[in-house]
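Here is a short report for a first-year reader. Please look over the structure before reading on.

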Amino acid sequence: MLIRRHRSSDPRPSEITPRDVYQRRRDFLKTGVALGAGLFLPASTVADSSLDFSPGPFSTDEALTPFEDVTTYNNFYELGTGKSDPSRNADLLRTEPWTVKVDGLCANSGEYDLEDFLRPRELQERIYRLRCVEGWSMVIPWVGFELNRVLKRAEPLGSARYVAFETVMDPDNLPGQRRPVLEWPYVEGLRLDEAMHPLTILAVGLYGEELPNQNGAPLRLVVPWKYGFKSIKSIVRISFTEVEPPTSWNRSQPDEYGFYSNVNPDVAHPRWSQRTERRIGEFRRRRTEPFNGYGEEVASLYEGMDLTRHF
Ligand SMILES: Nc1nc2c(c(=O)[nH]1)N[C@H]1C(S)=C(S)[C@@H](COP(=O)(O)O)O[C@H]1N2
Ligand SMILES: [Mo]
């Protein structure tokens, strides 16, 4: 199996991968130079629960947000609307068995077991900033692969212009889906060129470990230049469409959340300014950068568009 599932009886990743050990493992992966076995926790522990991955491009070298914050301060309305609900209710999300359907305007549609869907994709670590529309941000070492690898395999037709995503629907187990806080299932979408961009990844892990349920196990999107809510969790379906697909937050509050949702400090949210953000773990607020600091890579995708209108 490409990735090993984390069992609740296993040591928690926070216990077996404190930040300094993680940092050394990462340095080790970067340089390929062994730093001495003594630096690592017992080999069996690490090998048992870690993903096999190599460092990928685009990573920032900013300080990482601690694992504890990344996995206990979450938005995942299926598991509750409070920030600590998702980690508290994490066990309610059933991730086995898991299938991913790829369909719509493509020549090679299919329904895959998770393992088949992931194979033979090489996992990379990408350290990306995630910026929430509510004004906080984190720096997270994701493990995943470029979404475009999945999209290319599906052979999109010339008429495909957008990609739609859908989260698992399981109201029997997911308490949030038994309440009308959002229209379920959670859905998101990207324009095809955004989806094909090499910054856009499907993540299966973070901090070198399999993705915790509260972060969207077993498979979630990460679009680092857009607000966090575009990064849909626990994906079961990816569809090619000709027209712009509906998105959960746009459906729920169209005046506040547009389809594009590019991080844009110049466009105020109706209820608050978007000029600054609080990096979790820091005291002073930072200036928010256009496209969350990824402008050099992605600004050209929006040439000629009025981004105050297409917010
Ligand atoms: N299915 C689903 N995906 C979701 C959400 C959600 O409620 N349900 N919340 C979004 C929001 S608002 C944010 S900020 C990010 C948070 O990701 P994180 O908890 O891994 O930091 O997930 C996004 N993906
Ligand atoms: Mo968010």
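## The ligand and its pocket

Ligand 1 sits in the second largest pocket. A pocket is found on a 1 Å grid over the protein atoms alone: it is an open set of points where a 1.4 Å probe fits, with protein on both sides within 12 Å along at least five of seven lines. A molecule sits in a pocket if more than half of its atoms lie within 2 Å of the pocket's grid points.

This is a predicted model, in which local features need pLDDT of at least 70, side-chain atom pairs count only at pLDDT 80 or more, and totals for chains, interfaces and linings use all residues. Residues are numbered from 1 along each chain as its sequence is written, chains are lettered from A and ligands numbered from 1 in the order in which they are written, and side-chain values use heavy atoms, with hydrogens and water left out.

There are 16 residues around ligand 1. Here a residue is near a molecule if one of its heavy atoms lies within 4 Å of it. Asn 74, Tyr 77, Glu 78, Ser 231 and Lys 233 come nearest. By class, this shell holds 7 nonpolar, 6 polar and 3 charged residues. Ala, Val, Leu, Ile, Met, Phe, Trp, Tyr, Cys and Pro count as nonpolar; Asp, Glu, Lys and Arg count as charged; the others, Gly among them, count as polar.

Some side chains make polar contacts with the ligand. A polar contact is a pair of N or O atoms within 3.5 Å; within protein, one must be able to donate a hydrogen and the other to accept it, and residues adjacent in sequence count only if both atoms are side-chain atoms.

| Side chain | Partner | Distance |
|---|---|---|
| Asn 215 | oxygen atom of ligand 1 | 3.0 Å |
| Arg 220 | oxygen atom of ligand 1 | 3.0 Å |
| Lys 233 | oxygen atom of ligand 1 | 2.6 Å |

How much of ligand 1 does the protein bury? Taken alone, ligand 1 exposes 540 Å², and the protein buries 99% of that. Such areas come from the Shrake-Rupley method with a 1.4 Å probe.

## Backbone details

Next come the peptide bonds. Trp 184 and Pro 185 are joined by a cis peptide bond, with omega about -5 degrees. Pro 185 lies in the loop between strand 6 (162-167) and strand 7 (187-191). Helices (H or I, at least four residues) and strands (E, at least two) are DSSP runs, numbered from the N terminus. The bond from Ala 217 to Pro 218 is also cis, with omega near 0 degrees. Pro 218 belongs to the loop between strand 9 (209-210) and strand 10 (220-222).

Phe 58 is not a glycine, yet its phi is positive, about 75 degrees. Its place is in the loop between strand 1 (54-55) and helix 4 (67-72). Is Phe 58 buried, partly exposed or exposed? Phe 58 is partly exposed, because its relative accessible area is 30%. The cut-offs are these: buried means under 20%, exposed over 50%, and partly exposed in between, with a 1.4 Å probe and protein chains only.

Asn 292 also has a positive phi, about 55 degrees, without being a glycine. This residue lies in the loop between strand 13 (286-287) and helix 10 (295-298). Asn 292 has a relative accessible area of 3%, so it is buried.

## Distant in sequence

Ser 261 is in the loop between helix 9 (248-252) and strand 12 (276-279). With 3% relative accessibility, Ser 261 counts as buried. Its side chain reaches the backbone oxygen of Gly 258 at 2.7 Å.

Gly 258 and Arg 309 are 51 residues apart in sequence, and their C-alpha atoms are 8.9 Å apart in space. Arg 309 is in the segment after helix 10. Arg 309 is exposed, because its relative accessible area is 60%. A polar contact of 3.4 Å joins the side chains of Arg 309 and His 310.

Glu 242 is in the loop between strand 11 (235-241) and helix 9. At 48% relative accessible area, Glu 242 is partly exposed. Glu 242 and Ala 160 are 82 residues apart in sequence but 4.9 Å apart in space, C-alpha to C-alpha.

Leu 182 is in the loop between strand 6 and strand 7. Leu 182 counts as buried, at 6% relative accessibility. The C-alpha atoms of Leu 182 and Glu 78 are separated by 9.1 Å, with their positions 104 residues apart along the chain.

Conventions. 1 Å grid on protein atoms, 1.4 Å probe; cavity = no way out; pocket = protein on both sides within 12 Å on 5 of 7 lines; lining within 4 Å.
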